[in-house]
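Here is a set of exercises to help you find your way around a new structure. Keep the 3D view open and try each task before you read its solution.

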Amino acid sequence: MSDPEETQLEARLAEQEAFEPPEEFVEQANVSDPSIYEEFEENWPECWEAAAELLDWESDYDEVLNDDDEPFYEWFTNGELNASANCLDRHLDDRGDETAIQWEGELGETREFTYAELHREVNEFAAALRDLGVEEDDVVTMYMPMIPELPIAMLACARIGAPHSVVFAGFSADALATRMNSAESEYLVTCDGYYRRGDALDHLSKANEGLGGVDHDTSTVVVDRLGDELEHELTDDQHDYDDLVTEHVGAEVEPVTRDAEDMLFLMYTSGTTGKPKGVKHTTAGYLSYAAWTSHAVLDVKPDDTYWCAADIGWITGHSYIVYGPLALGTTSVMYEGTPDYPDKDRLWDIVESYDVNQLYTAPTAIRAFMKWGSQYPEQHDLSSLRLLGTVGEPINPKAWKWYYKHIGNESCPIVDTWWQTETGGMMITTLPGIGTMKPGSAGPPLPGIDARVVDESGDEVAPGEAGYVTVNKPWPGMLRTLYKNDERFINEYWQEYSDPDADDWVYFPEDGAKIDDDGYITILGRVDDVINVSGHRLGTMEIESAVVGVEGVAEAAAVGGDHEMKGEAVYTYVILEDGYEEGEEMAQSIIEGVEEAIGPIARPEKVIFTPELPKTRSGKIMRRLLEDIANGEELGNTSTLRNPEVVEDIAKKVRGD
Ligand code: WT7
């Protein structure tokens, strides 16, 4: 950075706190009239017809919102439609030969599906699933990496009215079994393996191990991703994907008419207790909301090449790789591998090769790019980019500015989108053609979204003060319940701030935040026992039960500690049973135990052995204190503890003195 002009620019950028959307962007934006905020407010809930209009309906809905049985809201009541028809069939006339999915494998091979081709294979696989016995409302589990057969299987399920439940391929065999048991899912679609950093990974053995833990009969479809690279054998209740599709070549399956409120899919996510929550999303509300936010926030147009670099195993990929972009008839890019293989410019190479117009990724990835250095993006022509997005955790202003300058060339708006598995789609973010951007702050709630920052009694906090996010009105993409557990649904999300006697229902997402005097919301992070590792949600209880499952462990606490790249990392504090020895070997078996129970993403960064955990007089573990210790922060008053003396001992161990 010897060039003085460059240094000056850098200094200006470092100080700048507000960025206006580039004029060129505004001129072409899907949404650019600021009156949309007022319009939606005045015309609520009918404003949501704007989302419904993005879909094709078999029969019209009677009512936009039915709130007779709060908080079990219904959207677009009595409307009928099919999600697969909306993502495929209706595009065939105009866009049949346009690319729907542009896939790139880690080794560089590519596969392209036009809408017509995708439609054909989805039909064939839908016919195959039916032949296997899948009926409407049967939950089909998918345990697959980023290969085209995953969205194909999802859309095939949607076509026949079978909800899918996608389990992230990086999750463990145990996690798969837990989710299949919980959903009573009798069908699994998986694959033999996939590539990671150039190595062929065996995935089927893990899937099979998981199936061993499923307590009912199952049938499985296995995609052959690796060919000769990995020999695999199928059992009697396992079918080869290619064989099935070949057997059904040319088959056409009429899309099943689904009610607006019929379940489109289940997605398991972590919560406060050890048991993952099966978040239920519906056909019309979810799909219209995914389409609307893709249109308004990501500015997706049919002719775009749009790339969300998330994994379909998470909600981000469901909404913004599969359903939103395909409902809008655009080209959605899918990449199988890691961003640093074969080199650290892989993403920029993909942007350049396909002329990507929008890139949607996570702060953890942006921090990695920043660390690797700007020489990697500089090797590529990124001028096709028009918009950038981030999601998953707060983005610090430094990373935001790096993204803005080195990827967006100071000419792409950035949308910092706050939302959750439960919300189905984005909730708080600037609209890229309207809002001033303030690095680090997600922005105002979207039009029609009544998100607030409140104190413990539900009153809005003064600007600058910390409080909690609440959502005070329902929205189409909201979860409808937790699978077969209405009670837990109410307890988890509607307990804190609602007043049922006054018919006042308030959704609590369990995030802390601040609000500025101009209504911009800065998210501070989770306030429950959930850790956000690289934008992925992990429950401390899930990790703790995995640690306690390791032989020799008596008790454990897991907390999130700040981490430069991952945002948060897992710290585990462990008490051993008598007769077991603290040390490297034990730490290793704890790490392996967690990886086995949950998956490598939950791998503890540190295992700290201690004879006791800090507890309140009533015996509750003081997690906040353990977090402060992990972060090397000043420890506050510990006098309310039953055992204050352990705190300093633990802190010493973490500091390594
Ligand atoms: C939690 C939801 C939304 C899809 C990916 C994660 C955090 C999400 C942001 C953001 C600050 C964010 C919140 C939220 N989060 N986006 N832009 N700024 N925090 O979905 O696994 O359901 O996690 O991620 O804490 O509650 P998820």
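The exercises below walk through a predicted model, from its sheets to its ligand and a few backbone details.

**Exercise 1. Find the order of the strands in the open sheet of eight strands, and name its edge strands.**

Solution. Begin with the order, which is β12-β11-β8-β6-β7-β14-β15-β23, with mixed pairing. Next, look for strands that pair on one side only: these are β12 (238–240) and β23 (481–482). Now zoom in on one pair inside the sheet. Strand β6, residues 140–143, runs parallel to strand β8, residues 187–191, and four bridges join the two. To line them up, pick Thr141, which has Leu188 of β8 opposite.

**Exercise 2. Which strands does helix α8 lie across, and which does helix α10 lie across?**

Solution. Take helix α8 (residues 149–160) to start with. Helix α8 lies across β6, β7 (164–166), β8, β11 (219–223) and β14 (263–269). Its direction makes an angle of about 175° with β6. Then turn to helix α10 (residues 204–212), which lies across β6, β8, β11 and β12. Here the angle to β8 is about 160°. Comparing the two lists, you will find β6, β8 and β11 in both.

**Exercise 3. Work out the strand order of the open sheet of seven strands, and explain why one side of β5 and of β20 is left without a neighbour in the sheet.**

Solution. Write down the order: β5-β4-β17-β16-β18-β19-β20, again with mixed pairing. β5 (110–114) and β20 stand at the edges and have a single partner strand each, so one side of each has no neighbour in the sheet. On average, neighbouring strands of this sheet are turned by 15° against each other, direction ignored.

Now check the pairing at each edge. At one of them, strand β4 (residues 99–104) pairs with β5 in the antiparallel sense over five bridges. Thr99 has Thr114 in β5 as its bridge partner. Five residues lie between β4 and β5 in this hairpin, and Gly108 in the turn has a positive phi of about 105°. At the other edge, strand β19 (residues 387–391) runs parallel to β20, joined by four bridges. In that pair, Thr390 stands opposite Asp416 of β20.

**Exercise 4. Describe the surroundings of the ligand: which residues come nearest, and how much of the ligand does the protein bury?**

Solution. There are 17 residues around the ligand, and Asp416, Thr417, Thr421, Arg526 and Arg537 come nearest. By kind, the shell holds six nonpolar, six polar and five charged residues.

Look next at polar atoms that face oxygen atoms of the ligand. The side chain of Thr421 has an N or O atom 2.6 Å from a ligand oxygen. For Asp511, a polar side-chain atom lies 2.8 Å from an oxygen atom of the ligand. For Gln420, the corresponding distance is 3.0 Å.

Then turn to the area. Taken alone, the ligand exposes 560 Å², and the protein buries 96% of this. Finally, ask which elements give two or more residues to the shell: they are α13 (315–327), β20 (414–417) and β25 (521–526).

**Exercise 5. Trace the hairpin formed by β28 and β29, and say how many residues lie between the two strands.**

Solution. Locate strand β28 at residues 553–563 and strand β29 at residues 567–576. Their pairing is antiparallel, with ten bridges. As a reference point, use Asp562, whose bridge partner in β29 is Glu568. The hairpin has three residues between β28 and β29.

**Exercise 6. Where do Pro45, Pro342 and Phe76 lie, and what does the backbone do there?**

Solution. Start at Pro45, in the loop between α3 (36–42) and α4 (49–52). The peptide bond leading from Trp44 to Pro45 is cis, with omega near 0°. Pro342 sits in the loop between β17 (331–335) and α14 (346–354). The bond from Tyr341 to Pro342 is also cis, with omega near -5°. End at Phe76, which belongs to strand β2 (residues 74–77). Phe76 is not a glycine, yet its phi is positive, at about 55°.

Technical notes:
Residues are numbered from 1 along each chain as its sequence is written. This is a predicted model: local features need pLDDT of at least 70, side-chain atom pairs count only at pLDDT 80 or more; totals for chains, interfaces and linings use all residues. Side-chain values use heavy atoms; hydrogens and water are left out. Two strands pair if DSSP finds at least two bridges between them. Contact means heavy atoms within 4.5 Å. Axes are lines fitted to C-alpha atoms, for helices over the stretch in contact, and angles run from 0 to 180 degrees between N-to-C directions. A residue is near a molecule or strand if one of its heavy atoms lies within 4 Å of it. A polar contact is a pair of N or O atoms within 3.5 Å; within protein, one must be able to donate a hydrogen and the other to accept it, and residues adjacent in sequence count only if both atoms are side-chain atoms. Accessible areas come from the Shrake-Rupley method with a 1.4 Å probe; for residues, only the protein chains shown count as cover. Ala, Val, Leu, Ile, Met, Phe, Trp, Tyr, Cys and Pro count as nonpolar, Asp, Glu, Lys and Arg as charged, and the others, Gly among them, as polar.
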